[in-house]
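Here are my notes on the model you asked me to look over. Keep the structure open beside them and find each spot as you read.

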Amino acid sequence: MGKLRLIFVKEGRAVYISHLDLLRTFQRVFLRQGLVLRHSQGFHPHPMISFALPLPVGQASDCEILDFEVTEEREGAGLTEALNGFMPEGIRAVDCYVPVHPVRDLAAIHCKVDFIYDNGFSDNIAEKIQNLLLGDSLVIQKRTKRKAMADVDIRPLLYSLQILEESTTLHLDAVVSAQNPGMNPALLAVAVGTHLPELAPDFIRVRRVGLLDTEGRPFR
């Protein structure tokens, strides 16, 4: 049996595919390609397939991770091209290899967050938002696992931030915590709406562009 890690892009209309539907999509793709997945034991066996850090619906990514196990030892070379022949629009495999690190070593997400303003924005908006987001604390209301709302300081989960102004869009380049706890980059817009409501964007776009290990290197 062999363990493999697939890196794939999720964009376009595919960003609206839910986590469970994405799981079913890959199960069908593997079946059509002829890959035989290893299954768990017991009364209700299921294929050994898992996503690292499932992507929130509506967000795009260049670096989604899917770990899976096949019934025979094999390398990932050539598998991306074969799988792409069966992928739906908006999902594309870009690499496949034997995992180097366990998912628990995945420490940070490099992401791009666009704040879009329909009617443009005022002078010094980037400076004001950057000062807010990189301040000593950044408390927002966030729903807990028990479904209750609570005050949470997300500032320790924001590792770096740069902001570029362009036309009616602010381009935020950020590195945030991946897990334990992780941070949804969309919360940056929530923070602005909470503390600087007059500067809240009309719409946001979020895209993951890289994953980093505990040493700040590309996660493999």
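**Notes on the model**

1. Let's begin with a hairpin. Val139 stands opposite Asp153 in E7. The two strands here are E6 (residues 139-143) and E7 (residues 149-153), and they pair in the antiparallel sense over 5 bridges. Strands pair, in this note, if DSSP finds at least two bridges between them. The hairpin of E6 and E7 has 5 residues between the strands, and Lys147 takes a positive phi near 75° there.

2. A word on ground rules. This is a predicted model, so local features need pLDDT of at least 70 and side-chain atom pairs count only at pLDDT 80 or more, while totals for chains, interfaces and linings use all residues. Residues are numbered from 1 along each chain as its sequence is written, and side-chain values use heavy atoms, with hydrogens and water left out.

3. Now the whole chain. You should find 4 helices and 10 strands; these are DSSP runs numbered from the N terminus, with at least four residues for a helix (H or I) and at least two for a strand (E). Along the sequence the pattern reads β-α-β-β-α-β-β-α-β-β-β-β-α-β. The C-alpha atoms fill a box of roughly 60 × 35 × 35 Å, taken along the principal axes. Of the 220 residues, 42% are buried. For the terms: buried is under 20% relative accessible area, exposed is over 50%, and partly exposed is in between (1.4 Å probe, protein chains only).

4. How do contacts spread along the sequence? Taking contacts between residues at least 6 apart, 73% join residues at least 24 apart. A contact here means heavy atoms within 4.5 Å.

5. Strand E10 (203-213) is worth tracing by eye. With E5 it pairs in the antiparallel sense over 10 bridges, and the E10 partner of Ile116 is Phe203. Strand E3 (residues 60-70) and E10 run parallel, joined by 2 bridges. One of the partners to look for is Arg208 in E10, which is bridged to Ser61. While you trace strands, remember that in a regular strand the side chains alternate between the two faces of the sheet.

6. Next, helix H4 (residues 187-195). Its buried residues are Leu187, Leu188, Ala189, Ala191 and Val192. What covers them includes helix H3 (125-133), along with strands E5 (106-116), E6, E8 (158-166), E9 (169-177) and E10.

7. Is Thr169 buried or exposed? Thr169 lies in strand E9, and it counts as buried because its relative accessibility is 10%. Leaving aside neighbours within four places in sequence, Thr169 is in contact with Asp114, Phe115, Ile116, Phe121 and Leu164.

8. Two asparagines deserve a look at their backbone. Asn124, in the loop between E5 and H3, has a positive phi near 65° though it is a residue other than glycine. Asn124 is partly exposed, with a relative accessible area of 47%. Asn180 sits in the loop between E9 and H4, and its phi is also positive, about 60°, although it is not a glycine. Asn180 is exposed, at 73% relative accessible area. The peptide bond from Asn180 to Pro181 is cis, with omega near -10°, and Pro181 is in the loop between E9 and H4.

9. Why are there no disulfides? A disulfide is a pair of cysteine sulfur atoms within 2.5 Å, and by this rule the count is 0. For Cys96, the closest cysteine sulfur is in Cys63, 16 Å away, so it is too far for a bond. For Cys111, the closest is again in Cys63, at 9.6 Å, which is also too far. Cys96 counts as buried at 7% relative accessibility, and Cys111 at 0%.

10. Last, the empty space. There is 1 cavity of 30 Å³ or more, and the largest has a volume of about 50 Å³. Its lining is Phe8, Lys10, Ser18, His19, Leu22, Phe51, Pro54, Leu55 and Glu64. Strand E1 (2-10) and helix H1 (19-33) each supply at least two lining residues. A cavity is a set of points, on a 1 Å grid over the protein atoms alone, where a 1.4 Å probe fits but cannot get out; lining residues have an atom within 4 Å of a point. Grid points are joined across faces, edges and corners, and the volume is the space filled by probe spheres set on the points.

Methods: On a 1 Å grid over the protein atoms alone, a cavity is a set of points where a 1.4 Å probe fits but cannot get out, and a pocket is an open set with protein on both sides within 12 Å along at least five of seven lines; lining residues have an atom within 4 Å of a point.
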